[in-house]
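Work through the exercises below with the coordinates open. Try each task before reading its solution.

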Amino acid sequence: MNILYAIQGTGNGHLMRALDVVPQLQQRVAALGGQLDILVSGPPADLPLPFAVKYRVGGMGFLFGKKGGINFVKTFRQFNSADFLHDIRHLPVESYDLVINDFEPVSAWACRLRHRPCVALSHQSAVLHPAAPRPDDEDPTGRAVLRHYAPHTAQYGFHFQAYAPGISTPVIRQQVRELTPTDEGHYTVYLPAFAEQTLVERLRYLSRTVRWEVFSKHSAQPATYGNVLVWPVSGDFLQSLARAHGVLCGAGFETPAEALYLGKRLLVVPMKQQYEQQCNAAALAKMGVPVVRGLKDKHLDRLDDWLHRGRPVPVDYPDRTGAVLDQLLAEQLGVKTADVVMKSQL
């Protein structure tokens, strides 16, 4: 029994989820007498991985800009279509009994090319579900990209709420579940699509008394600008998150979910021209999380109101990762869930 688990490596969200998924999947595959191989695509990750990666491929990732969106020029420049097609043609998906895919395009298209099943285990598959919230302004192009980026034959999704059967609440990694939240008064900021200088200027303009702890993909060294402390993403983000009074971040999935789980007041700024984040923002807004569309002057009143009157939004995120994996293996491999659990505990 050989299984390939393929992970989209752009950003840190998919990899953070993999920190919980991979050990539990390894345990279950080993109990079945099989082997789990890992594929990661995209640029080098900021997050160190505690498990072996068999395949590293370029994939088709997106590069963050510095003005609140994706830098499409750099994205297209770094994309090598010849390598992408080569990886699709040569990835041996036919050697695996099952390919599980977290929004990873190379393995997905390799399966499509060879008419092999590809099972999505991702947030994106939940975003596409008809029951999931949508933004008021639809984006047919963005939705089409999301739908065809990593095609699949079956899906198991994660979202901020369990909107329908087959959609589970977020995977909260054990590192976060083991934290003891406190409130030391600062605000943790993770807005990777903005330049460090822009964040410093906007945050200091918003408040020169609030303590901001900014984690920036564009910074290699820690720096202090008055009441704004800037760390590279490799800094101790989790401790900052656990000690924060509030969290200001993009409308991704993992960071907002972890902030909600820890009981932090949250405000999100969805990336421009990024349909998934627009959908996430719509879902969070329905839950009562404030959303602003940027950091320009016209948005500062909303930010200021959040600073003074924001409240945490209560959520219930039980640990269901193992149950989802058991369901997936039972339905896709014909292995009874109870048998998988029993063998994984031997």
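The exercises cover the sheet, its helices, some single residues and a cavity.

**Ground rules**

This is a predicted model, where local features need pLDDT of at least 70, side-chain atom pairs count only at pLDDT 80 or more, and totals for chains, interfaces and linings use all residues. Residues are numbered from 1 along each chain as its sequence is written, and side-chain values use heavy atoms, with hydrogens and water left out.

**Exercise 1. Lay out the sheet and find its edges.**

Step 1. Fix the elements. Helices (H or I, at least four residues) and strands (E, at least two) are DSSP runs, numbered from the N terminus. Two strands pair if DSSP finds at least two bridges between them.

Step 2. Write the order. The open sheet has seven strands, and it reads β3-β2-β1-β4-β5-β6-β7 with parallel pairing.

Step 3. Mark the edges. β3 (55–57) and β7 (167–168) each have a single partner strand, so one side of each lacks a neighbour in the sheet.

Step 4. Check the β3 end. Three bridges link β2 (residues 35–41) to β3 in the parallel sense. Ser41 has Val57 in β3 as its bridge partner.

**Exercise 2. Follow β6 through its pairings.**

Step 1. Start with β5. It runs parallel to β6, and four bridges join them. Ser122 is bridged to Gly157 in β6.

Step 2. Go to the other partner. β6 and β7 are parallel, with two bridges. Here Phe158 is bridged to Ser168 in β7.

Step 3. Check burial (buried means under 20% relative accessible area, exposed over 50%, partly exposed in between, with a 1.4 Å probe and protein chains only). Four of the five residues of β6 are buried, leaving the strand mostly covered.

**Exercise 3. Which strands do helices α1 and α13 touch?**

Step 1. Set the terms. Contact means heavy atoms within 4.5 Å. Axes are lines fitted to C-alpha atoms, for helices over the stretch in contact, and angles run from 0 to 180 degrees between N-to-C directions.

Step 2. Take α1 (residues 13–31). It lies across β1 (2–8), β2, β4 (98–102), β5 (119–122) and β6 (154–158), at about 175° to β1.

Step 3. Take α13 (residues 321–333). It packs on the sheet and touches β1, β4, β5, β6 and β7, and its direction makes about 175° with that of β6.

**Exercise 4. Is His123 buried or exposed?**

Step 1. Locate the residue. His123 belongs to helix α5 (residues 123–127).

Step 2. Read the accessibility. His123 is at 1%, so it counts as buried.

Step 3. List the surroundings. Beyond neighbours within four places in sequence, His123 contacts Arg17, Phe158, His159, Phe253, Glu276 and Asn280.

**Exercise 5. Describe helix α10.**

Step 1. Count. Seven of the eight residues of α10 (residues 254–261) are buried, so the helix is largely enclosed by the rest of the structure. Among them are Glu254, Pro256 and Leu260.

Step 2. Look just past the helix. Gly263 has a positive phi of about 80°.

**Exercise 6. Find the largest cavity and its lining.**

Step 1. Define the object. On a 1 Å grid over the protein atoms alone, a cavity is a set of points where a 1.4 Å probe fits but cannot get out, and lining residues have an atom within 4 Å of a point.

Step 2. Size it. One cavity has 30 Å³ or more. The largest cavity holds about 60 Å³.

Step 3. Name the lining. It includes Asn101, Ala120, Ser122, Gln124 and His152. β5 and α5 are the elements giving two or more residues to this lining.

Definitions and conventions: 1 Å grid on protein atoms, 1.4 Å probe; cavity = no way out; pocket = protein on both sides within 12 Å on 5 of 7 lines; lining within 4 Å. Points joined across faces, edges and corners; volume = space filled by probe spheres on them.
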